[in-house]
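Let's walk through this one together, starting in the sheet and working outwards. Have the viewer open as you read.

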Amino acid sequence: MEAAIATAVQNGQLKPSETSEMTETSNSKLEMLYMTEPTKIILDTDPGGDDIFAFLWLLSLVKQKLVDLVAITATEGNVTARKTFANSCQVLQLAGFSNIPVGRAVSLPSDSGEGAEHIHGEDGMGNLSQTLPPSDQDFDTAQPADDLLIERLNADPGNITLIAIGPLTNLAAAEAKQPGILQKAKEIVVMGGAFQCRGNITPVAEFNIWFNPKAAQTVFDSRDDIVVLPLDVTRQLVFTPTMAGAVTQQNPSSQLAQFVVKLCQFMVGTTLKYRETAGVPGFLVHDAVTIGYLFYSETLMLRRAKVQVEALGDCTRGQTLIDERHKAKPAANAWVALQVDVPNFFTNFAEDLKYLIHGTV
Ligand SMILES: [Ca+2]
């Protein structure tokens with residue numbers, strides 16, 4: 001602390017006279033020096049076990065005043081629209097952020113994919129929804145997600161980051177309703193795709209893209225700087241019961257800690273059944289990679305690429321492609337992550353989850 005104050009004085013950020021009132025317990029002036037505006041975020045999600053770990057990480061950053069969570073837009077994917085809405089509301093309620101608005105999923109086209117209840121439980125939350133406090137947000141009167149996206153992006157153009165961790169139906173619907181609206185996001189960060197590795201729903205496709213490939217293509221066509229965080233990196237992100245125990249140990253009896261431990265246990269069970277982690281007892285926190293990218297960007301390596309989506313193929317529906325041949329290529333539309341620093345990713349993930357859980361009831 002004293003060293004930091006001395007440096008601040010040396011750099012002309014503090015006058016020497018201002019240091020006299022600073023103590024170990026009164027460091028607000030110094031904190032202000034390093035404070036930045038909270039990042040405004042809308043989270044588009046289909047919870048979903050791994051969605052919930054991304055969600056909780058984000059809520060820790062809200063608690064740390066690093067994020068202004070403008071809204072949640074629930075999307076259909078892992079489970080139905082009604083369930084993704086209810087799950088989003090219950091997670092907000094559990095973590096003490098029930099004031100954040102939740103939009104309900106846009107209806108899907110008839111050729112969309114099947115859900116993933118076999119992985120995430122019938123309710124999408126490891127069948128734990130009954131153990132959580134009910135929410136007072138109502139699905140039938142909630143704002144549709146595409147309208148909510150359009151309203152918030154028009155109200156604050158260039159300042160809101162969209163994190164999309166489910167099928168891209170809501171974002172594509174907003175773009176169809178008001179062409180150019182996705183350009184008004186500060187940045188769009190997508191968990192989806194599989195490039196140099198096998199898929200997780202078909203041999204070549206990742207679930208989010210496969211579920212609604214036309215929507216994905218609409219989003220990739222909407223701007224030239226989509227951030228894509230594919231299975232190539234998320235397959236390395238194995239969260240274990242040991243890690244869950246470590247992040248909850250300061251307050252193991254709280255409702256939030258119990259939820260984290262039990263959801264982890266459930267997800268490990270289905271992950272082992274479907275052999276996603278080479279027999280390692282853990283589960284893949286795919287969606288949490290988006291938070292790692294935004295707040296701990298040193299843990300990911302990205303490259304420019306033109307991402308294309310197969311929307312028609314019988315066997316290759318939802319496949320994502322980048323051309324790595326040594327030839328001149330048409331303009332890139334995305335930044336794609338193919339490498340992740342796993343130990344440092346989980347160091348940050350664990351410390352932020354601890355911060356959220358510590359002190360909850
Ligand atoms: Ca998801």
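Strand 1 and strand 2 run parallel, joined by seven bridges. Strands here are DSSP E runs of at least two residues and helices are H or I runs of at least four, numbered from the N terminus, and two strands pair if DSSP finds at least two bridges between them. One such link puts Asp44 opposite its bridge partner Thr73.

Before going on, keep in mind that this is a predicted model: local features need pLDDT of at least 70, side-chain atom pairs count only at pLDDT 80 or more, and totals for chains, interfaces and linings use all residues. Residues are numbered from 1 along each chain as its sequence is written.

Now zoom out to the whole sheet, which is open, has eight strands in the order 3-2-1-4-5-6-12-9, and shows mixed pairing. Strand 3 (102-103) and strand 9 (300-305) each have a single partner strand, so one side of each has no neighbour in the sheet.

What about the helices? Helix 4 (residues 49-63) has end C-alpha atoms 21 Å apart, which agrees with the 21 Å expected for 15 residues at 1.5 Å a residue (the expected span is 1.5 Å times one less than the number of residues). In helix 4, 13 of the 15 residues are buried, meaning 20 or more other C-beta atoms, placed from the backbone, lie within 10 Å of a residue's own. Just after helix 4 comes Lys65, with a positive phi near 65 degrees.

Helix 8 (residues 169-177) is mostly covered too, with seven of its nine residues buried. Among them are Thr169, Leu171 and Glu175.

Terms used: A residue is buried if 20 or more other C-beta atoms lie within 10 Å of its own, exposed if 12 or fewer, and partly exposed in between; C-beta atoms are placed from the backbone.
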